[in-house]
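Have the sequence and the 3D view open side by side while reading. The paragraphs below go through the two chains in turn.

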Amino acid sequence: MGRLFRIAPMVLSVLVLANVASAGAPPKDPFNSPMWGWVYEEILEQGQVIFDDRVKVDAPDSAEGNFQVPVSVRVDGLDDVTEIILIVDLNPILKTAKFTPNKARPYFALRVKMGQASVIRAAARTKDGVWHLGGKYVDASGGGCTVPSVQMAAADWESNLNNVQAQIWPRENGVDRIRTRIIHPMDTGLSGNIPAFFMEHLSIKNAEGVELAHLQTFEPVSEDPVITFEVDAVGETGGYSISGMDNNGNEISAWVEKAPKS
Amino acid sequence: MKRPLIFLSFIFCLLAIAPTFAESLSYKLKPVKVAEDTYIFQGSKEHFSLENGGNIVNTGFIITKEGVIVIDTGPSARYGHEMRNAINEVTPLPINRVIVTHHHPDHFLGNQAFSGAPIWALPETIAAIRSEGDAMNENLYRLVGDWMLGTEVIVPGKSVNRSGEQIGEHRLRYIALQGHDIADLAILDETTGVLFAGDQVFMDRAPTTPHADIGKWLESLDQLEEIDFRLIVPGHGPVIGDNEAIRQTREYLQWLVKVLEDAADQGLEMTEVMNLDLPNKFKSLATVEAEYRRSVHHLWPEIVKRKLPKAVDRRID
């Protein structure tokens with residue numbers, strides 16, 4: 001019985017591979033990741049794929065502790081980016097975030113949890129349906145020895161849940177950079193008997209309620225997510241709403257106002 | 001049927017090779033006399049690597065009529081054993097005690113080699129080794145590999161709870177500090193004027209910050225500067241007879257805090273902060289590029305947490 005279970009996925013993957021080969025095999029992964037075939041089929045749905053230097057993923061060469069690994073994604077020189085998916089190949093949950101830049105630059109930054117060394121990749125889809133892929137290999141074998149503070153061990157964790165901090169920095173070319181931090185344990189459901197409990201959606205909207213940027217977040221985003229966006233500036237004054245929801249239906253809703261020019 | 005056999009024989013080959021390779025590893029520790037009765041083993045200024053086996057730290061010993069006082073035991077059981085053998089070549093006297101300065105793995109994982117002697121440390125250090133020691137040990141196995149074979153955590157059993165004591169002809173002063181680690185013990189041998197500063201002080205090498213509280217660390221450096229010493233043994237880097245190591249450590253830490261706070265005010269995000277150019281004056285510090293990035297990891301999340309203003313809550317409730 002055990003052997004059957006072991007063989008079945010192999011047979012299946014052979015069948016699937018044969019299928020892909022006829023539909024056009026995936027291009028060779030420059031990172032040689034063992035999960036590339038799965039990423040190609042399950043996340044990119046066998047779409048047309050280009051490994052593209054214009055999709056830049058920045059992260060440290062080596063992660064110091066595996067709980068707050070910074071990642072930024074910037075697409076530079078590609079028009080009409082409709083979505084960007086962030087994938088950590090060797091995490092038990094690969095898909096980390098999906099960004100929709102409605103009226104925002106194709107850029108976002110956040111921090112992720114990593115179970116081991118892995119390629120972190122961004123797949124930016126353009127209007128023509130093509131996936132443009134960039135990535136960076138991050139060694140996460142250790143270097144630090146930090147034990148993360150577990151906020152739920154504190155008696156008052158619930159009173160701070162989904163509290164929002166935020167600030168706006170006007171940048172060049174009519175862009176406002178917004179950084180927000182949301183208090184949330186972001187439990188993956190893979191540890192002990194703690195169920196998955198994580199923020200699922202985050203939106204930046206203007207005063208009229210027009211969505212400028214949307215981020216779908218998954219379990220591997222770090223505890224107390226800190227997320228940076230760059231949106232079309234609202235003007236000299238004004239602000240943005242920050243709203244969202246976690247997988248238990250708890251609401252996130254806040255407003256951040258531009259600091260008056262001094 | 002054949003495949004398991006091939007696999008097994010492959011494993012046996014590995015098993016046969018591994019010990020031979022491990023046996024050939026040696027730190028080649030040589031005691032250097034820095035003052036009367038006082039010796040150190042000086043490590044490299046590097047970060048942990050497969051090549052250096054974790055020998056990046058300064059350990060030392062003081063010979064007294066009542067036996068040898070060992071200060072820190074290095075990164076592995078192998079290091080501890082080599083240290084003990086090297087001490088035996090200098091003096092036939094027994095080990096009187098071991099004193100561990102703080103709970104970072106390169107300072108206490110050689111404890112195993114000193115069985116039979118009491119091991120002293122600050123109470124906070126003992127608690128931290130008890131709770132985090134195994135994880136640190138595992139982490140060093142990952143970073144330096146076979147050098148660690150057989151290394152296990154030995155928690156110090158004796159709590160340093162006084163300001164000093166006389167051991168043989170040597171008068172020791174215990175200075176309990178904080179900031180580099182949750183607790184840092186500096187030891188001044190008042191008889192010789194040698195100050196074992198632990199990792200409170202780095203010389204020609206970038207300070208490390210995995211458990212740092214920079215504010216407390218800077219206060220501790222002020223305290224160390226008040227001390228009338230003749231020679232400082234820093235945790236990492238060469239010994240020095242003046243305040244230069246304290247000055248270097250302070251200057252770097254002050255710069256580090258300022259650059260991170262400024263970056264947070266300017267709205268930089270974490271990867272951008274890691275990519276900042278370092279000032280030329282720090283470029284001569286060993287490992288500074290890598291150590292700076294590690295420090296961003298350690299310190300940035302708290303700075304962002306503290307600096308980001310609260311947004312207006314619009315939840316209906």
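What follows starts with the model as a whole, then takes up chain A, the contact between the chains, and chain B.

This is a predicted model. For the complex, the predictor gives an ipTM of 0.87 and a pTM of 0.88. In chain B the mean pLDDT is 93, and 92% of the residues reach 70 or more.

Chain A contains three helices and 15 strands. Of its 262 residues, 41% are buried. Among the contacts in chain A with a separation of 6 or more, 65% are between residues 24 or more positions apart.

A good place to begin is an open sheet of ten strands, with mixed pairing. Its order is β1(A)-β8(A)-β7(A)-β4(A)-β5(A)-β12(A)-β11(A)-β14(A)-β15(A)-β13(B). One edge strand is β1 of chain A, residues 49–51, and the other is β13 of chain B, residues 312–313; each of these pairs on one side only. Within this sheet, strand β11 of chain A (residues 199–205) runs antiparallel to strand β12 of chain A (residues 211–217), and five bridges join them. In one of these pairings, Ile204(A) has Ala213(A) of β12(A) as its bridge partner.

Helix α2 of chain A covers residues 36–43, and its buried residues are Trp36(A), Val39(A) and Tyr40(A). Why do the buried residues of α2(A) line one face of the helix? Seen down the axis of α2(A), they fall within an arc of 95 degrees, so they share one face. The spacing fits a general rule: an α-helix has 3.6 residues a turn, so residues three or four places apart point the same way. The cover over the buried residues of α2(A) includes two strands of chain A, β1 and β4 (81–88). After α2(A) comes Glu45(A), with a positive phi near 50 degrees.

Next is the contact between the chains. Here 33 residues of chain A are in contact with 27 residues of chain B. On the side of chain A that touches chain B, at least two residues come from each of β3 (69–75), β6 (104–112), β9 (164–171), β10 (175–182), β13 (226–232) and β15 (251–257) of chain A. By class, that side of chain A has 14 nonpolar, twelve polar and seven charged residues. The ten-strand sheet also crosses from one chain to the other: β15(A) and β13(B) run antiparallel and are joined by two bridges. There, Trp255(A) stands opposite Val312(B) of β13(B).

Chain B has an open sheet of five strands in the order β8-β9-β10-β11-β12, with mixed pairing. Its edge strands are β8 (164–167) and β12 (231–236) of chain B, each pairing on one side only. From one strand to the next, the twist averages 25 degrees. Inside the sheet, strand β10 of chain B (residues 184–189) and strand β11 of chain B (residues 194–202) run antiparallel, joined by three bridges. Leu188(B) stands opposite Leu195(B) of β11(B).

Which helices of chain B pack on this sheet? Helix α5 of chain B, residues 214–225, lies across β9 (170–177), β10 and β11 of chain B, and runs at about 160 degrees to β11(B). Helix α6 of chain B, residues 244–265, packs on the sheet as well, touching β11 and β12 of chain B; its direction makes about 15 degrees with that of β11(B).

Definitions and conventions:
Residues numbered from 1 in each chain as written. Chains lettered and ligands numbered in written order. Predicted model: local features only at pLDDT ≥ 70, side-chain atom pairs only at ≥ 80, totals over all residues. Pairing = 2+ DSSP bridges. Helix = DSSP H or I, 4+ residues; strand = E, 2+ residues; numbered from the N terminus. Buried ≥ 20, exposed ≤ 12 C-beta atoms within 10 Å, placed from the backbone. Arc of directions from axis to C-beta. Contact = placed C-beta atoms within 7 Å. pLDDT = per-residue confidence, 0-100. Nonpolar A, V, L, I, M, F, W, Y, C, P; charged D, E, K, R; others polar. Axes fitted to C-alpha atoms, helices over the stretch in contact; angles between N-to-C directions.
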